[in-house]
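Biologist: I'd love a close look at one part of this model, namely where the protein meets the DNA. Could you walk me through it?

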Protein chains: 2
Amino acid sequence: MDHDILRLLDLAERLGNLAEARLKAVALPHGLQPVHARILLYLSAANRYSNTPQAVAEYLGLTKGTVSQSLILLEDKGYLRRVADTHDRRIVRLEPTPAGDDLVREMQRRGAGGFAVAARDLPEGLLAGLTQLLRRLQQLEGRRSFGVCRSCRHHLAEGRGRWRCGLTGEPLKAADRRRICREHESVAEGRDDAGAA
Amino acid sequence: MDHDILRLLDLAERLGNLAEARLKAVALPHGLQPVHARILLYLSAANRYSNTPQAVAEYLGLTKGTVSQSLILLEDKGYLRRVADTHDRRIVRLEPTPAGDDLVREMQRRGAGGFAVAARDLPEGLLAGLTQLLRRLQQLEGRRSFGVCRSCRHHLAEGRGRWRCGLTGEPLKAADRRRICREHESVAEGRDDAGAA
DNA sequence: CATATACGTGTCGTATCGATACATTATCGT
DNA sequence: ACGATAATGTATCGATACGACACGTATATG
């Protein structure tokens, strides 16, 4: 059993290497490194509570300083812009520019190209199983889970296609529910009983 | 479908990050970086055709130059030793010293510690599915698969607990069959064993 | 209202990794 | 024996990641 988890993590690392190599091939011609690509990809999927430098650092497991430098580069190249928050003036919001959105789409297209064939006929619960594993490990390490809004324990359905975030009280649009949230908490596994969802 | 593979790769990267952080915590007190730890872990699992600097570089997706420097450090610290090959004197074999084996065991123990709980009750085919995916992607990228000997198309059973490698013609001991081989090729298409070992 | 504390962000200096290019040595094919 | 090929090692260079510090803002406390 100990060996299984180790082999899983080794597989994850090697898969990650492949993904990074692919990302690099797409990003390098634009003068970007894989890290920059990952930041842009995250920001294109993050919701309005989660598009700050701090959130980027936590998501990718980097320090603020490291992220800050990458953000400067991305802004200089015109792939994202900083927007001052209106309510809390400490906070800087990061929004991909149209050029940034284009690049994200290109990376998704060329990143998936060819790979999609390889992903056919894979076991049903692969995605769900991996997600579950990641959640648990991140909880063990005291890190945020960064799940999609819809799967959060604070996500409230109010009927007739209306939803609300129980943490902030704000209403949620359909598109919001698919985005990544920094405040995400798993539904069933708030406690450490590790019960299968 | 396109999105599924992208989410899978994103999950893999994040899992890999966690694994690397854990590895770092174990390796740093010994004056080693995560990369050095991964090299040592690979060498402890590689078979006699696959314990060369070149193989390490291919397995981890690094260049020879990078690996060469890490090997110097690992040798200086006494965790591995270089052994000249008797038949082909260009080749240098890398073998963990007893101290290196100890460190590998410590990393396996402390790396799995705590994580093993998280791996309970995961879907059955998770390991096999990930292995299969990795094989296919590596084949697409023209990279070697580095599977375990037993799952290779060159692996021949001769009955009565005797096996042979169809590529080199050499007989295989039981322990050899569990090791990672650089010349590994998948059996047919897909039918890999994830090696419940 | 004044102060103290916490938080988010950005900057600078340092260490280390990873890649490219080149040099060296050994083996293999003819 | 000789050129081609392959594996390894070395040197240099760019870039990333980290840590410590500084600054402005928000929030709590009296």
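Which helix gives the largest share of the surface near DNA strand C, and how many residues come from it?

Modeller: Happy to! The largest share comes from helix 4 of chain A, with five residues. Before the details, two notes on reading them. Residues are numbered from 1 along each chain as its sequence is written, while chains are lettered from A and ligands numbered from 1 in the order in which they are written. The model is predicted, so local features need pLDDT of at least 70, side-chain atom pairs count only at pLDDT 80 or more, and totals for chains, interfaces and linings use all residues; side-chain values use heavy atoms, leaving out hydrogens and water.

Now to DNA strand C. There are 20 residues around this strand, and A:Gln54, A:Lys64, A:Arg82, B:Thr66 and B:Arg89 come nearest (a residue is near a strand if one of its heavy atoms lies within 4 Å of it). Of the atoms of DNA strand C that come within 4 Å of the protein, 67% belong to sugar and phosphate. At least two residues of this surface come from each of helix 3 (53-60) and helix 4 (64-76) of chain A and helix 2 (34-45) of chain B; helices here are DSSP runs of H or I with at least four residues, numbered from the N terminus. By class, the surface has five nonpolar, nine polar and six charged residues (Ala, Val, Leu, Ile, Met, Phe, Trp, Tyr, Cys and Pro count as nonpolar, Asp, Glu, Lys and Arg as charged, and the others, Gly among them, as polar).

Some individual atom pairs fill in the picture. A polar backbone atom of A:Gln54 sits 3.0 Å from a phosphate oxygen of DNA strand C, and a polar backbone atom of A:Val92 is 3.4 Å from a phosphate oxygen of that strand. A:Arg90, in turn, places a polar side-chain atom 3.3 Å from a base oxygen of DNA strand C.

It helps to set DNA strand D beside this. Here 23 residues surround the strand, with A:Gln33, A:Thr66, A:Arg89, B:Gln54 and B:Lys64 coming nearest. Sugar and phosphate make up 70% of the atoms of DNA strand D that come within 4 Å of the protein. Helix 4 of chain B gives the most to this surface, with five residues. Its side chains include that of B:Lys64, with a polar atom 3.4 Å from a base oxygen of DNA strand D. Phosphate oxygens of DNA strand D lie 3.3 Å from a polar side-chain atom of A:His36 and 3.0 Å from a side-chain N or O atom of B:Arg82.

Methods: A polar contact is a pair of N or O atoms within 3.5 Å; within protein, one must be able to donate a hydrogen and the other to accept it, and residues adjacent in sequence count only if both atoms are side-chain atoms.
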